[in-house]
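I am opening my notebook for a fresh structure today. Come along and read over my shoulder as I look things up one by one.

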Amino acid sequence: MLSNLSSAARGVLSKKTMSGKSVGRNMGPQNLYAVLTILSCFLLAPMFLAKEGLGFFTAAAELV
């Protein structure tokens, strides 16, 4: 449910941002999607680490 909400919010933000005004020289739809994806990664990383802790990295190291 939270995933649906965040996807809808990303779509609304993208449409508002690309509503005809010039955002920047190189800010097309593809670049806007990339920027939003990178921002979401940075915003979710602390929550991921708080929930999973360092156990994720030790489990990943065991697989390699």
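Below are my entries, from the whole chain down to single rings.

**Entry 1: the overall fold**

I began by noting that this is a predicted model. Next I listed the secondary structure and found three helices and zero strands. Reading along the sequence, I wrote the pattern down as α-α-α.

**Entry 2: overall dimensions**

How does the radius of gyration compare with that of a compact globule of 64 residues? Such a globule would come out near 11 Å, but I noted 16 Å for this protein. I also looked up the box that the C-alpha atoms fill along the principal axes, and it is roughly 50 × 30 × 15 Å.

**Entry 3: inside and outside**

I then asked what share of the 64 residues is buried. The answer is 3%. For the surface, I wrote down about 5,700 Å² exposed by the protein. Carbon and sulfur atoms supply 69% of that area.

**Entry 4: a record to compare**

I checked UniProt, where an unreviewed entry lists residues 32-50 as "transmembrane region". That label comes from the record, and I kept it apart from what I could look up in the model. Over residues 32-50, the chain in the model is 100% helix and 0% strand. The C-alpha atoms at the two ends of this stretch are 28 Å apart.

**Entry 5: a stop at F42**

I picked F42, which sits in helix 2, a helix covering residues 29-52. Is F42 buried or exposed? Its relative accessible area is 60%, and the cut-off for exposed is over 50%, so F42 counts as exposed. I also took a distance from F42 to K15, which is 27 residues away along the chain. Their C-alpha atoms are separated by 22 Å.

**Entry 6: a nonpolar patch**

Which residues form a nonpolar patch on the surface? I wrote down F48, L49, L54, F56 and F57, which have about 490 Å² of accessible area together. Helix 2 and helix 3 (55-63) are the elements that give two or more residues to this patch. One patch member, F48, has its place in helix 2.

**Entry 7: the rings in the patch**

How many aromatic pairs does a search of the whole structure find? I noted two. In one of them, the rings of F48 and F56 have their centres 5.1 Å apart. Their planes meet at 80 degrees, and edge-to-face needs over 60, so I labelled the pair edge-to-face. F56 also pairs with F57, with ring centres 5.4 Å apart. Here the planes are at 75 degrees, so this pair is edge-to-face too.

I drew the links on my page: ring pairs join F48, F56 and F57 into a cluster.

**Entry 8: how open are these three?**

Last, I looked up the accessibility of each cluster member. F48 has 33% relative accessibility and counts as partly exposed. F56 is partly exposed as well, with a relative accessible area of 41%. For F57 I wrote 43%, which also counts as partly exposed.

Key. Residues are numbered from 1 along each chain as its sequence is written. This is a predicted model: local features need pLDDT of at least 70, side-chain atom pairs count only at pLDDT 80 or more; totals for chains, interfaces and linings use all residues. Side-chain values use heavy atoms; hydrogens and water are left out. Helices (H or I, at least four residues) and strands (E, at least two) are DSSP runs, numbered from the N terminus. Buried means under 20% relative accessible area, exposed over 50%, partly exposed in between (1.4 Å probe, protein chains only). Patches are made of residues with over 30% relative accessible area and no salt bridge: like charges are joined within 9 Å, nonpolar side chains (Val, Leu, Ile, Met, Phe, Trp, Tyr) within 5 Å. Accessible areas come from the Shrake-Rupley method with a 1.4 Å probe; for residues, only the protein chains shown count as cover. A salt bridge is a side-chain nitrogen of Lys or Arg within 4 Å of a carboxyl oxygen of Asp or Glu. UniProt positions are given in the numbering used here, feature names are shortened, and annotations may be inferred rather than shown by experiment. The radius of gyration is taken over C-alpha atoms; the globule rule is 2.2 Å times the number of residues to the power 0.38. Rings of Phe, Tyr and Trp (its six-membered ring) pair if their centres lie within 6.5 Å; planes under 30 degrees apart count as stacked, over 60 as edge-to-face and the rest as tilted.
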